[in-house]
Amino acid sequence: MSKTHQKSAIQKYMIYGFNNSRFDNLFIFEELKRRNPSLDYIITDNAIKSITYFNITILDVSLYYAGSLSSVSESFKLKISKGVFPYKFPNKDNLKD
């Protein structure tokens, strides 16, 4: 009796950021490059346009689509809008909170 091996497709994931190509992607890039020196990435000038780590790709859509976050969200037909991060701005009166 022979056994057959079934291959399952590897799912690919796309992570889209907005205006993350310089600061945020730099932290991600440094760690992933440390883990996998053959990391696939595209860097131009001072921006990291994309990072591919195995089956995950991280892109900065602000480098490909001009406009504000709201207009880019509309072009992708997203129903989610930008919110306000729920934190108090640190100052001398609330540092101990």
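In the predicted model, Asp60 is buried, with a relative accessible area of 0%; because the threshold for burial is under 20% relative accessible area, the assignment of Asp60 follows directly from its value of 0%. The residue is found in strand S4, which spans residues 56–60. Two polar interactions of the Asp60 side chain can be described: the side chain reaches the backbone nitrogen of Asn20 at 3.2 Å, and a polar contact of 2.7 Å joins it to the side chain of Ser62. When residues up to four places away in sequence are not counted, Asp60 touches Gly17, Phe18, Asn19, Asn20, Ser21 and Lys49, so that Asn20 appears both in this list of neighbours and as the partner, through its backbone nitrogen, of the Asp60 side chain.

The strand that holds Asp60 belongs to an open sheet of four strands, in which the order is S1-S4-S3-S2 and the pairing is mixed. Strand S1 (13–17) and strand S2 (40–44) stand at the edges of this sheet, and because each has a single partner strand, one side of each is left without a neighbour in the sheet. From one strand to the next, the twist averages 10°. Strands S3 (residues 47–53) and S4 run antiparallel and are joined by four bridges; Ile51 has Ile58, in S4, as its bridge partner. Helix H1, formed by residues 23–35, packs on the sheet and touches S2, S3 and S4, with a direction that makes about 40° with that of S3.

At the level of the whole protein, the secondary structure comprises two helices and four strands, and from the N terminus on these elements follow one another as β-α-β-β-β-α. Of the contacts in the protein with a separation of 6 or more, 45% are accounted for by residues 24 or more positions apart. Buried residues make up 22% of the 97 residues of the protein, and Asp60, as described above, is buried. The accessible surface of the protein comes to about 8700 Å², and 57% of this surface belongs to carbon and sulfur atoms.

Methods: Residues are numbered from 1 along each chain as its sequence is written. This is a predicted model: local features need pLDDT of at least 70, side-chain atom pairs count only at pLDDT 80 or more; totals for chains, interfaces and linings use all residues. Side-chain values use heavy atoms; hydrogens and water are left out. Buried means under 20% relative accessible area, exposed over 50%, partly exposed in between (1.4 Å probe, protein chains only). Contact means heavy atoms within 4.5 Å. Accessible areas come from the Shrake-Rupley method with a 1.4 Å probe; for residues, only the protein chains shown count as cover. A polar contact is a pair of N or O atoms within 3.5 Å; within protein, one must be able to donate a hydrogen and the other to accept it, and residues adjacent in sequence count only if both atoms are side-chain atoms. Two strands pair if DSSP finds at least two bridges between them. Axes are lines fitted to C-alpha atoms, for helices over the stretch in contact, and angles run from 0 to 180 degrees between N-to-C directions.
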